Amino acid sequence: MKREVHISGKPLYPLCVGNAAVISRKSDIIRTSSVVSIQEQDDDHVCFETENSIYRVSMRPKANAARAVFTSFLKMCA
């Protein structure tokens with residue numbers, strides 16, 4: 001059974017079966033093993049399987065993270 005990886009981020013390149021996925025997250029970049037199937041893909045998330053894992057990538061910032069960024073921005077404006 002493959003492990004499931006749930007992360008927030010954004011693929012830097014279009015997903016392609018046979019190639020590694022490269023995902024940008026905050027201050028780091030993840031490179032996966034080769035993609036074997038793309039299960040779901042839309043504007044909010046992508047789900048794909050690699051040789052080693054199943055990835056569920058949320059491409060929208062979580063509400064708390066977005067709120068923290070907005071709060072920081074407001075503090076700088078004050």
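**A sheet, its core and its charged pairs**

Let me begin with a single residue, arginine 56, which has a relative accessible area of 30% and is therefore partly exposed, since that class covers whatever falls between under 20% for buried and over 50% for exposed. Please keep in mind throughout that what we are looking at is a predicted model.

What does the side chain of arginine 56 meet in a salt bridge? The partner is glutamate 4, and the distance from N to O is 3.0 Å. This pair links distant parts of the chain, because arginine 56 lies in strand E6 and glutamate 4 in strand E1, with their positions 52 residues apart in the numbering. Glutamate 4, with a relative accessibility of 44%, counts as partly exposed. As a general point for those new to this, side chains of opposite charge can pair when their charged atoms come close.

A search of the whole structure gives two salt bridges, and the other one I want to show you joins the side chains of glutamate 49 and lysine 2, at 2.7 Å from N to O. Here again distant parts of the chain are linked, for glutamate 49 sits in strand E5 while lysine 2 belongs to the segment before E1, 47 residues apart. Lysine 2 has a relative accessible area of 28%, so this residue is partly exposed.

Now let us step back to the sheet. Six strands make up an open sheet with mixed pairing, and if you read across it the order is E1-E6-E5-E4-E3-E2. The strands at the edges, each pairing on one side only, are E1, residues 3-8, and E2, residues 10-11. How do E1 and E6 run relative to each other, parallel or antiparallel? They run parallel, and six bridges join E1 to E6, which spans residues 53-58. Within this pairing, glutamate 4 stands opposite isoleucine 54 of E6.

Let me turn to the nonpolar side chains. In soluble globular proteins, such side chains tend to be buried together. In this model the largest nonpolar core has 11 residues, among them Val5, Ile23, Val35, Phe48 and Tyr55. Strands E1, E3, E4, E5 and E6 each supply at least two residues of this core. Valine 5, one of the core residues, touches Ser53, Ile54, Tyr55 and Arg56 when residues up to four places away in sequence are left out.

How many aromatic pairs does a search of the whole structure find? There is one, and it is formed by phenylalanine 48 and tyrosine 55, which are stacked, with 5.2 Å from centre to centre and 10° between the planes. Phenylalanine 48 and tyrosine 55 are each buried.

A residue that touches this aromatic pair is threonine 32, whose contacts include Phe48 and Tyr55, together with Ala20, Ala21, Ile23 and Thr50, again leaving out residues up to four places away in sequence. Threonine 32 lies in strand E4, residues 28-41. Is threonine 32 buried or exposed? Its relative accessibility is 3%, so threonine 32 counts as buried, the cut-off for that class being under 20%.

I would like to finish with lysine 26, which is found in the loop between E3 and E4. With a relative accessibility of 87%, lysine 26 counts as exposed, because the class begins over 50%. The phi angle of lysine 26 is near 40°, which is a positive value in a residue other than glycine.

Note on methods: Residues are numbered from 1 along each chain as its sequence is written. This is a predicted model: local features need pLDDT of at least 70, side-chain atom pairs count only at pLDDT 80 or more; totals for chains, interfaces and linings use all residues. Side-chain values use heavy atoms; hydrogens and water are left out. Two strands pair if DSSP finds at least two bridges between them. Helices (H or I, at least four residues) and strands (E, at least two) are DSSP runs, numbered from the N terminus. Buried means under 20% relative accessible area, exposed over 50%, partly exposed in between (1.4 Å probe, protein chains only). Contact means heavy atoms within 4.5 Å. Rings of Phe, Tyr and Trp (its six-membered ring) pair if their centres lie within 6.5 Å; planes under 30 degrees apart count as stacked, over 60 as edge-to-face and the rest as tilted. A nonpolar core is a set of buried Ala, Val, Leu, Ile, Met, Phe, Trp, Tyr and Cys residues joined through side-chain atoms within 4.5 Å. A salt bridge is a side-chain nitrogen of Lys or Arg within 4 Å of a carboxyl oxygen of Asp or Glu.
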